[in-house]
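Please read the following report alongside the sequence and the coordinates. It moves from the whole chain to its sheets, and then to a single residue.

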Amino acid sequence: MRAIVLHEFHATPTVEEIDVPDPGEGEVRVRVRAAAVNGFDLGEVHGFFTGYFEHRFPLVLGKDFAGTVDAVGPGVEGYATGDRVFGVVTKDFLGDGSFAEYVTVPTAVGVAPLPDGVDFVHGAALGLAGAAALACIEAAHPAPGRTILVAGATGGVGNQVVQLASQAGAHVIATGSTEAEQQVVRRLGASEVIDYREDVTAGLRATHPEGVDVVIHLAGDASALVPTLRQGGTLVSTLVFSTEGFPEVPDVFVPIAANPTPELLGRLAANQVDGLTSVTIQRAYSLTDTPSALADFANGTLGKLVVDLDGDGVPDGP
Ligand SMILES: NC(=O)c1ccc[n+]([C@@H]2O[C@H](COP(=O)([O-])OP(=O)(O)OC[C@H]3O[C@@H](n4cnc5c(N)ncnc54)[C@H](OP(=O)(O)O)[C@@H]3O)[C@@H](O)[C@H]2O)c1
């Protein structure tokens, strides 16, 4: 099969022919129809997870996937060949990735049925960003009367957070730099948009002198955003795991580690089917062009970049 392979940290990933993997105990093999790019993939390339995960080189990159079950390993119940599925490759080592024609995944975590109403490209874009977004929402308690700043609203996680927080009745302030970004986050439900190239903290202190209830930090410098919080406010972050060394610490701090359980993935899929959330696909790439997708991701996103193995022509642009 063709796969996107990394031979050592910091190397350029290459398209290679490798053996099709066999599903182990409790695993299914998925014929990947689409996969999505995440910051995690770039972190893997640059060795950010050394000490946290065993890395098995040559390593196939990719976390998010959608496709059909192609083979069922011993001990698996509830899945059969041909089932449509999606999720996040979740193993205790890195090396089996979704930027490939086939991937094996444990059924205990990181995979769930993909409803007929969600196509493979959108299903592939849901898992990791959606799992992080739901965890952020749980920590932020959005409700009428609460004001939430979403820093990094234009990315995959932010898109989902803005939709869910605004639907819950919160007043959402989203970051966005270009006109296109500002339009997208407003369409997703943001009541206010602030350009992060300007001084966000000074701007918010002028317009919201009482401070915001919650900052959901998905991009930029978390410590710089703490002064925008009201007394007793909460900082939620997918990026920092401690506030040690911050000049000012928030009263409440919730670090996020996404956990794509089948139940949570099921909620993400249901939200799509019910029209509660939508995923913005910025651009689709062929498997061969995955290295370009990774490079483009590093330069900023407006929604999700997807690798479409069927090449069925999702148009460019948000
Ligand atoms: N802890 C976890 O379990 C977990 C899970 C998923 C994701 N994450 C992390 O969470 C973060 C968000 O994920 P994502 O997938 O949404 O990433 P993403 O797609 O890269 O989104 C980040 C967005 O922020 C914008 N941005 C860049 N600099 C900014 C700044 N200073 N202020 C405000 N916005 C800025 C970027 O757009 P432009 O540069 O184009 O403006 C981009 O749209 C990533 O760092 C990711 O690695 C963590």
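## Overall dimensions

Of the 318 residues of the protein, which is shown here as a predicted model, 54% count as buried. The exposed surface of the protein comes to about 13100 Å², of which carbon and sulfur atoms supply 51%.

Nine helices and 18 strands make up the secondary structure of the protein. The radius of gyration is 19 Å, close to the 20 Å that the globule rule gives for 318 residues, so the protein is as compact as a globular protein of that length. Along its principal axes, the C-alpha trace spans about 60 × 40 × 35 Å. When contacts between residues at least 6 apart in sequence are considered, 65% of them join residues at least 24 apart.

## The parallel sheet

An open sheet is formed by six strands, whose order is β13-β12-β11-β14-β15-β16 and whose pairing is parallel. The edges of this sheet are taken by β13 (192-194) and β16 (252-255), and each of them has a single partner strand, so one side of each is left without a neighbour in the sheet. From one strand to the next, the twist averages 20 degrees.

At the β16 edge, the pairing with strand β15 (residues 229-237) is parallel and extends over four bridges, and S237 stands opposite P255 in β16. Towards the other edge, helix α5 (residues 179-188) lies across β12 (171-175) and β13, and this helix runs at about 150 degrees to β13.

## Antiparallel pairings around β6

Strand β6 (residues 64-72) is mostly covered, with seven of its nine residues buried. Strand β3 (residues 27-36) pairs with β6 in the antiparallel sense over eight bridges, and within this pairing V28 stands opposite V72 of β6. Strand β7 (residues 84-88) also pairs with β6, again in the antiparallel sense, over five bridges; here the bridge partner of T68 is R84 in β7.

## Antiparallel pairings around β1

Strand β1 (residues 2-6) is likewise mostly covered, since four of its five residues are buried. With strand β2 (residues 14-17), β1 forms an antiparallel pairing over four bridges, in which V5 stands opposite T14 of β2. Strand β5 (residues 59-60) runs antiparallel to β1 and is joined to β1 by two bridges, and the bridge partner of L6 in β5 is L59.

## The surroundings of T104

Is T104, a residue of strand β9 (residues 102-106), buried or exposed? Its relative accessibility is 2%, and because residues under 20% are classed as buried, T104 counts as buried.

The side chain of T104 is joined to that of K91 by a polar contact of 2.9 Å. Leaving aside neighbours within four places in sequence, T104 is in contact with P21, D22, P23, E27, V28, R29, K91 and D96. Among these contacts is V28, the residue that stands opposite V72 in β6, and the description of T104 thereby returns to the pairing of β3 with β6.

Key: Residues are numbered from 1 along each chain as its sequence is written. This is a predicted model: local features need pLDDT of at least 70, side-chain atom pairs count only at pLDDT 80 or more; totals for chains, interfaces and linings use all residues. Side-chain values use heavy atoms; hydrogens and water are left out. Two strands pair if DSSP finds at least two bridges between them. Axes are lines fitted to C-alpha atoms, for helices over the stretch in contact, and angles run from 0 to 180 degrees between N-to-C directions. Contact means heavy atoms within 4.5 Å. The radius of gyration is taken over C-alpha atoms; the globule rule is 2.2 Å times the number of residues to the power 0.38. Buried means under 20% relative accessible area, exposed over 50%, partly exposed in between (1.4 Å probe, protein chains only). Accessible areas come from the Shrake-Rupley method with a 1.4 Å probe; for residues, only the protein chains shown count as cover. A polar contact is a pair of N or O atoms within 3.5 Å; within protein, one must be able to donate a hydrogen and the other to accept it, and residues adjacent in sequence count only if both atoms are side-chain atoms.
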